[in-house]
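I opened my notebook to look at one strand first and then at where two chains meet. My notes follow in the order I looked things up.

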Amino acid sequence: MIGDWISSPEWQALALSARVAVWCTLIGLPIAVTLGWLLARKSFAGKKLVEALLPLPMVLPPVVPGYILLLLFGRYGWLGAPLYHYFGVSLAFHWSGAVLASLVVGFPLLIQPVRLSFQLIDPRLEQAARTLGAGPLKVFLTITLPLASPGILAGAVLAFSRSLGEFGATITFVGNVAGETRTLPLAIYSAIQQPGGEAMAMHLIVISIAASTIALFLSQFLSRKLQTGLGYQDHA
Amino acid sequence: MLELDLSWGRGRFALDVSARMTHRVTGLCGPSGSGKSTLLSLIAGLKKPDRGVIRFQGRTLVDTGKRFFLPPERRGIGLVFQDAQLFPHLSVKSNLLYGRRHRKVEERRFHFDDIVELLEIGHLLARRPNLLSGGEKQRVALGRALLFSPQLLLLDEPLASLDPQRKQQILPFLRRIRDDTGVPLLYVSHAEEEVAYLTEAVWWIRQGRLRANPSAPPATDRHGAPTPCAERPAKPGNEQSASGPHP
C-alpha cells in the first residue's frame with residue numbers, strides 16, 4: 001500500500017536520508033561524548049578557543065562549511081588528494097560526503113546537550129564511586145555515562161533530525177546526484193525545480209513531516225523512559 | 001593508626017597538618033571552612049597533597065617525596081558525604097552493593113543482611129534514592145560504605161544536613177557502627193557534642209592547621225594565641241598519645 005503511494009525515487013531519497021542520518025549520529029556520538037566530557041570535566045590548552053568556535057558551523061550559512069569541505073576533501077583538496085591517492089577514497093559527490101557535511105553542521109546541536117548533561121552531574125557522585133573501589137573507567141561507565149544518557153539521547157535526536165534536513169552544506173559539498181547524494185530535502189528541491197514536479201514535492205514534504213514527527217515523539221518517549229529509569233522523576 | 005604530615009594549598013587557603021592519630025575512633029572538629037573536608041579528601045585520595053606523607057596502619061597511601069600516590073579506588077577507605085551522594089539511577093539495593101562488587105569474597109567483612117538489619121533499611125531496598133528521606137539516605141550511604149568493607153571509614157559531617165530530630169535518630173546508628181563493626185572511624189563535624197558523643201579522641205582543626213586535642217600533652221603552638229576550641233576543658237578519658245606539630 002505504502003509502496004504504491006511512494007514512488008521509487010522517493011523511496012531512494014528517503015532511504016538515503018535515513019542512512020546518512022544514522023551514520024552521522026553513530027559517528028558523531030562517540031566524538032561528542034569524548035569532547036563533551038573533556039569540556040565539562042577537564043581543563044586543557046585551547047579549551048576556551050574550542051568552546052568559542054564549537055557553535056560556528058551552526059551560525060555560518062551552511063554553504064560555507066560545505067564549500068570548505070569541498071576545498072579540503074575534493075579530489076584535489078588538501079586532505080582529499082592524499083586520501084584518494086593512498087586509499088582510493090573520495091568523499092566528494094559520494095553519500096559518505098553527505099554524512100560528513102551533516103555531521104559538521106549538526107555537531108554543535110549534538111555536543112551542547114551532551115556537554116551540559118556531563119556538567120550537571122555532581123562530581124562528588126563520581127568521587128563516591130571512586131571511594132567504593134571503582135577505577136576511573138568503571139566510574140565513567142557505571143555512573144557518569146548512565147546519568148548523562150538523557151542528554152546524550154537528546155543530542156543524538158537533534159543531530160539525527162538536523163542531518164535529515166541538511167541541505168546547504170550537502171548540496172555544496174557532494175552535489176545533487178540522484179541515488180547517491182540526493183537526500184530528502186535535495187529531492188524536494190529538485191522536484192520543485194521541475195515543471196510538473198509539485199505532486200512529487202508534496203509527497204516528499206508529507207514524508208519528511210511524518211519522519212520528523214515520528215523522530216520527535218520517539219525521542220520524547222525515550223527520554224521520559226530514561227529519566228524515570230534514572231530516578232529524576234517519580235514513578236508515581 | 002593514621003599518620004599525617006602534609007600541606008595542601010589553593011589560592012589563599014592553606015592546609016598544614018602534622019598528626020599521628022592512634023585511636024580507633026577519632027573525631028575531627030573545627031568551624032566550617034577550616035579544611036576538615038579537604039583533609040578527608042586527601043586521606044581518601046580524592047585530592048593530592050602538594051607535599052607530604054599519609055600512612056594508614058603502616059601502609060603508605062601518599063608520599064610526594066617518592067612520587068607515590070595510591071588512587072582512591074585502591075585505598076580501601078570509605079567516605080560518607082554530608083549529603084549521602086547516593087547514585088540516583090540505581091535502586092537502594094544496587095547502591096548498597098556498588099562497592100561490595102569491587103571486593104573479593106574473602107575481603108568482605110560484613111554480610112549484606114547484617115548491615116541491612118543494623119541500619120534498619122530492609123524496607124527501602126527496592127526504592128530509588130529520590131524517594132528516601134534525608135535520614136534514610138544517610139543510613140543507606142553508611143551501609144554502602146560499610147559493605148565496601150573499608151579499612152577506615154571517613155564520615156564527613158554525616159548529620160549536618162538533617163534536622164535535630166533526624167539527627168537524634170541517626171546518632172544511635174553511628175554508635176552501632178562504632179561498637180558492632182570494628183571499623184576504624186574518623187568522624188568530622190563542626191558540632192562538638194556529636195564528636196564528643198561518638199569518639200574516643202578529638203582533634204581540632206582551625207584555619208587549615210591541625211592541633212592535638214587539649215587533653216594531650218601540651219603541644220607547642222607555633223602560632224601564638226590558643227584557639228577558642230583549645231580552651232575547652234579536657235574531658236577525662238580523652239587521653240591521646242598524640243604528637244603535635246612539634247613533639
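**Entry 1: one strand and its neighbours**

I started with the side chains of β8(B): L152(B), L154(B) and D156(B) point one way, L153(B) and L155(B) point the other way, and all are buried. I kept in mind that this is a predicted model. The pattern fits a general rule I wrote in the margin. In a regular strand the side chains alternate between the two faces of the sheet.

Why is strand β8 of chain B largely enclosed by the rest of the structure? I counted five of the five residues, 152-156, as buried, so the strand is largely enclosed. Buried here means under 20% relative accessible area.

Next I looked up the pairing. Strand β7 of chain B, residues 77-80, runs parallel to β8(B), and four bridges join them. I picked out one partnership: I77(B) has L152(B) as its bridge partner. I then turned to strand β9 of chain B, residues 185-189, which pairs with β8(B) in the parallel sense over four bridges. There, L155(B) is partnered by Y187(B). I traced the chain from β8(B) through helix α5, residues 164-181, to β9(B), and found this β-α-β crossover to be right-handed.

**Entry 2: where chain A meets chain B**

How many residues are in contact? I noted 26 in chain A and 24 in chain B. The area buried between the chains is about 2,100 Å², and carbon and sulfur atoms give 60% of it.

I listed two salt bridges between chain A and chain B. One of them joins E73(B) to R130(A), with the closest N and O atoms 2.7 Å apart. On the side of chain A that touches chain B, the elements giving two or more residues are α8 (123-131), α9 (136-165) and α12 (198-230).

Note on methods:
Residues are numbered from 1 along each chain as its sequence is written. Chains are lettered from A and ligands numbered from 1 in the order in which they are written. This is a predicted model: local features need pLDDT of at least 70, side-chain atom pairs count only at pLDDT 80 or more; totals for chains, interfaces and linings use all residues. Side-chain values use heavy atoms; hydrogens and water are left out. Buried means under 20% relative accessible area, exposed over 50%, partly exposed in between (1.4 Å probe, protein chains only). Two strands pair if DSSP finds at least two bridges between them. A crossover is right-handed if, with the strands pointing away from the viewer, the path from the first strand over the helix to the second runs clockwise. Contact means heavy atoms within 4.5 Å. Buried area is the accessible area (1.4 Å probe) that two parts lose on being put together, summed over both. A salt bridge is a side-chain nitrogen of Lys or Arg within 4 Å of a carboxyl oxygen of Asp or Glu.
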